[in-house]
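Here are my notes on this one, jotted down while going through the model. Have it open next to you and follow along.

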Amino acid sequence: MRMLLIHADYLEYEVRDKALKNPEPISDEQRKGRLDEVLAVFISVEKVDEANPEEVVGKAVAEIEDVAKQVKAERIFVYPFAHLSSELAKPDVALEVLKKIEEKLKEKGYEVKRAPFGYYKAFKLSCKGHPLAELSRTIVPEE
Ligand SMILES: Nc1ncnc2c1ncn2[C@@H]1O[C@H](COS(=O)(=O)NC(=O)[C@@H](N)CO)[C@@H](O)[C@H]1O
């Protein structure tokens, strides 16, 4: 799994066309979304993660929480992003992993939004620009 973490004044998206034949079903309300004062986490779930999705979910949540504490972010935007890796996991595995990451972060008390999966989306992002505002993490399951 590859993650790009951006501490931002805001992230907002708007769904455009389908990027997959069968994208995640969404409500009208989910066609647009915005969070202010947010840690935006762009995630590419990778083929190697298919070996142990549970484990990579746990590691990803730990890494995200570590950064959120460092930058004092209480809101997190989980954003599916297929452009951080050339070895992507299958969409059904990727979606499950992203849903579980969202769920576990909510259980920890964060306000969390997850951008819709399988769509092209317009988005605006305002990075804060401080030294910890742009970070990346790579997560792999144990052998
Ligand atoms: N492994 C993955 N990790 C994260 N997001 C993914 C993954 N696979 C698919 N997606 C989601 O599905 C969308 C399209 O994925 S994609 O791999 O880019 N596929 C395409 O664009 C297809 N139109 C041609 O392959 C992405 O924008 C993202 O929302």
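1. Let me start with a single pair in the sheet: alanine 8 stands opposite valine 38, which belongs to β2. Keep in mind throughout that this is a predicted model.

2. That pair belongs to a longer run of pairing. Strand β1, residues 2–18, lines up with β2 in the antiparallel sense, and the two share twelve bridges. As a general point, side chains in a regular strand alternate between the two faces of the sheet.

3. β1 has further partners. With β5 the pairing is again antiparallel, this time over eight bridges. One place to look is lysine 18, whose bridge partner in β5 is tyrosine 119.

4. Then there is β6, residues 134–138, which pairs with β1 in the antiparallel sense over five bridges. If you want a spot to click on, take isoleucine 6: its bridge partner in β6 is glutamate 134.

5. Now the ligand, which sits in the largest pocket. Which residues come nearest to the ligand? Out of the 16 residues around it, these are Ala19, Val45, Ala89, Gly118 and Tyr120.

6. Three of those names come back when you go through the polar contacts. A nitrogen atom of the ligand has a backbone N or O atom of valine 45 at 2.8 Å. For glycine 118, a polar backbone atom is 3.0 Å from an oxygen atom of the ligand. Tyrosine 120 uses its side chain instead: a polar atom there lies 3.3 Å from a ligand nitrogen atom. As for cover, the ligand taken alone exposes 570 Å², and the protein buries 74% of that.

7. What is the shell around the ligand made of: how many residues are nonpolar, polar and charged? The split is 13 nonpolar, two polar and one charged. So if you set up any scoring, have that make-up in view alongside the polar contacts of valine 45, glycine 118 and tyrosine 120.

8. Last, back to the strands, seen from the ligand. β2 (32–44) and β5 (119–127) each supply at least two residues of the shell, and β5 gives the largest share, with three residues. These are also strands that pair with β1, β2 over twelve bridges and β5 over eight.

Terms used. Residues are numbered from 1 along each chain as its sequence is written. This is a predicted model: local features need pLDDT of at least 70, side-chain atom pairs count only at pLDDT 80 or more; totals for chains, interfaces and linings use all residues. Side-chain values use heavy atoms; hydrogens and water are left out. A residue is near a molecule or strand if one of its heavy atoms lies within 4 Å of it. A polar contact is a pair of N or O atoms within 3.5 Å; within protein, one must be able to donate a hydrogen and the other to accept it, and residues adjacent in sequence count only if both atoms are side-chain atoms. Accessible areas come from the Shrake-Rupley method with a 1.4 Å probe; for residues, only the protein chains shown count as cover. On a 1 Å grid over the protein atoms alone, a cavity is a set of points where a 1.4 Å probe fits but cannot get out, and a pocket is an open set with protein on both sides within 12 Å along at least five of seven lines; lining residues have an atom within 4 Å of a point. A molecule sits in a cavity or pocket if more than half of its atoms lie within 2 Å of its grid points. Helices (H or I, at least four residues) and strands (E, at least two) are DSSP runs, numbered from the N terminus. Ala, Val, Leu, Ile, Met, Phe, Trp, Tyr, Cys and Pro count as nonpolar, Asp, Glu, Lys and Arg as charged, and the others, Gly among them, as polar. Two strands pair if DSSP finds at least two bridges between them.
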